[in-house]
Protein chains: 2
Amino acid sequence: MATSTPPVPVKGARARAHAEVRAAILTTASAHVAADGAAALSLRAVARDLDMVSSALYRYFAGRDELLTALIIDAYDSLGAHAEAAVDATVDDAPAARWVDAAMAIRSWAIGRPHEYALLYGTPVPGYAAPDDTVAPGTRVSRALIRIVRDAARDGRLDDPASTTTVSAPTSESFVLLRTEIDLPTVSDATILAILLAWTQLFGLLTFELFGQTRNFVHDDERLFRDATATMARHLGLGDH
Amino acid sequence: MATSTPPVPVKGARARAHAEVRAAILTTASAHVAADGAAALSLRAVARDLDMVSSALYRYFAGRDELLTALIIDAYDSLGAHAEAAVDATVDDAPAARWVDAAMAIRSWAIGRPHEYALLYGTPVPGYAAPDDTVAPGTRVSRALIRIVRDAARDGRLDDPASTTTVSAPTSESFVLLRTEIDLPTVSDATILAILLAWTQLFGLLTFELFGQTRNFVHDDERLFRDATATMARHLGLGDH
DNA sequence: GAATGTCAAGAGCAGTGCTCACGTTTTGGA
DNA sequence: TCCAAAACGTGAGCACTGCTCTTGACATTC
């Protein structure tokens, strides 16, 4: 029985003021998440910081979940821009090196904002599945990573990892749509699967590091992350030069 | 300033009754987590179900966090036993097939208990780092998976994936301790890294599936998971027969 | 029998998300 | 220019939460 999103003025000074207050709410809410994590985010505390009364917030967000969803979208955008910058900055490098650099950029973003990372890749706060609105903004990071593969394919620096991958018929079927959506029309099933593997491996390792699953036996997390992503780049068939 | 764990009687009928009540609390708390997730776990609701008053629970657990930690440990044990059973049941199969079967067993456990899985591998609830007590029980699953590699090595059915892995000197250094701890003394750096990769890949993909990160472009999650883990088994060097 | 340990009860504190009725202010059209 | 509608902030209030503390009833042990 979620209350629907509150009405928002569309023109004039009212609209401008509304947008400003909304932005201010997001800013201080984001600061609270960065400091104490999403679980500890309190609407009343945010309202206090802004010298409002808690009920006033409901003119801007339907509730806590909607506020969190907005924060998730902003965080995805921040991470996406970060990843894109890394991919852009390395256009002239070898595909494998680009992959590692992009992965390291994603990692450094996450290390600096563990709570925001948890907001994106940890347990989804409302229920246990992420709200639909957050899926699309989340693809920005993936698209940046995939651009590395696309550039490599264009330049003939992408090997087909067919010899070491197993793709069943139904999986191959489901790759048909995915292949066009990520704009890699000529690439093999093995490459698609390798991309998925590299993607899940990257975030899997990062999540384990940040959530403490690797402590007690990994000492130099950054080094391991670099080696791991370099290995995944080779599995992906990305060229070294 | 966390209140320390409450005193517990050590002998006699008193101790028995105490243990029973404690178990009952864990059982109904676990049911609540399974139904609504860890975030929604309420001490008062648990107390109501047991016809107690909420303050009575503090004789058995120092607070909500300690209750959750106990639940985490139990869940790790459940998952660990599940994985071990799968590994035991396939001793005569090919190493690669065993790996896939164990992974599928882990997945089916998770699919059936999404909230428990989130409790283990999602955002750590107190703060953003898991309490230390939960690390050791968490290794049970990993040890089960590693046994597959060890058996394969013993039987000469483990290839060295050196040709496709990159292990830097510092990472190699940190593998020295790890190698003896997982009782794979003769195995190469490349194999150790491949194990880590397979491990993070397995849980990375599973987490993405459960938290909704793969929806909209993966249709047959089970099939993909099977293909992905089979591929990782090959990267690991596990034999097919 | 007295002292000690164990336990549940209940009141209470400080906090939460959220709703609602109520005034005030601003806005845009008649 | 006037007026109704829209937007907004206020404060009270509801139903919760985790947690603390005091009190009184037992049981076990000395």
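In this predicted model, an N or O atom in the side chain of A:Arg44 lies 3.5 Å from a base oxygen of DNA strand D. The backbone of chain B also approaches this strand, since a polar backbone atom of B:Leu43 is placed 2.6 Å from a phosphate oxygen of DNA strand D, and a polar backbone atom of B:Leu41 is placed 3.4 Å from a phosphate oxygen of DNA strand D.

These contacts belong to a wider surface, in which DNA strand D is surrounded by 23 residues, the closest being A:Ser55, A:Arg59, B:Leu43, B:Arg44 and B:Arg64. When these residues are sorted by class, 9 are nonpolar, 7 are polar and 7 are charged. Among the elements that supply at least two residues each to the surface near DNA strand D are helix H1 (12-36) of chain A and helix H2 (43-49) of chain B, and the largest share, 3 residues, comes from H2(B). On the side of the nucleic acid, 47% of the atoms of DNA strand D within 4 Å of the protein belong to sugar or phosphate, while the rest belong to bases.

Around DNA strand C there are 24 residues, of which A:Ser42, A:Leu43, A:Arg44, A:Arg64 and B:Ser55 come nearest. Of the atoms of DNA strand C that come within 4 Å of the protein, sugar and phosphate account for 52%. Two of the residues named here also take part in polar contacts: a polar side-chain atom of A:Ser42 is found 2.8 Å from a phosphate oxygen of DNA strand C, whereas an N or O atom in the side chain of B:Ser55 is found 2.7 Å from a base oxygen of that strand. In addition, a polar side-chain atom of B:His18 lies 3.2 Å from a phosphate oxygen of DNA strand C.

The surface near DNA strand C comprises 9 nonpolar, 7 polar and 8 charged residues. At least two residues of this surface are supplied by each of H1 and helix H2 (43-49) of chain A and helix H1 (12-36) of chain B, and H2(A) gives the most, with 3 residues.

With regard to the arrangement of the two protein chains, chain A is superposed on chain B, with an RMSD of 0.1 Å, by a rotation of 180° with 0.0 Å of shift along its axis, which is the relation of a two-fold axis. The same surface serves both copies, in that 98% of the contact residues of chain A recur in chain B.

Note on methods
Residues are numbered from 1 along each chain as its sequence is written. Chains are lettered from A and ligands numbered from 1 in the order in which they are written. This is a predicted model: local features need pLDDT of at least 70, side-chain atom pairs count only at pLDDT 80 or more; totals for chains, interfaces and linings use all residues. Side-chain values use heavy atoms; hydrogens and water are left out. Copies are superposed by least squares on the C-alpha atoms of residues with pLDDT of at least 70 in both. Contact means heavy atoms within 4.5 Å. A residue is near a molecule or strand if one of its heavy atoms lies within 4 Å of it. A polar contact is a pair of N or O atoms within 3.5 Å; within protein, one must be able to donate a hydrogen and the other to accept it, and residues adjacent in sequence count only if both atoms are side-chain atoms. Helices (H or I, at least four residues) and strands (E, at least two) are DSSP runs, numbered from the N terminus. Ala, Val, Leu, Ile, Met, Phe, Trp, Tyr, Cys and Pro count as nonpolar, Asp, Glu, Lys and Arg as charged, and the others, Gly among them, as polar.
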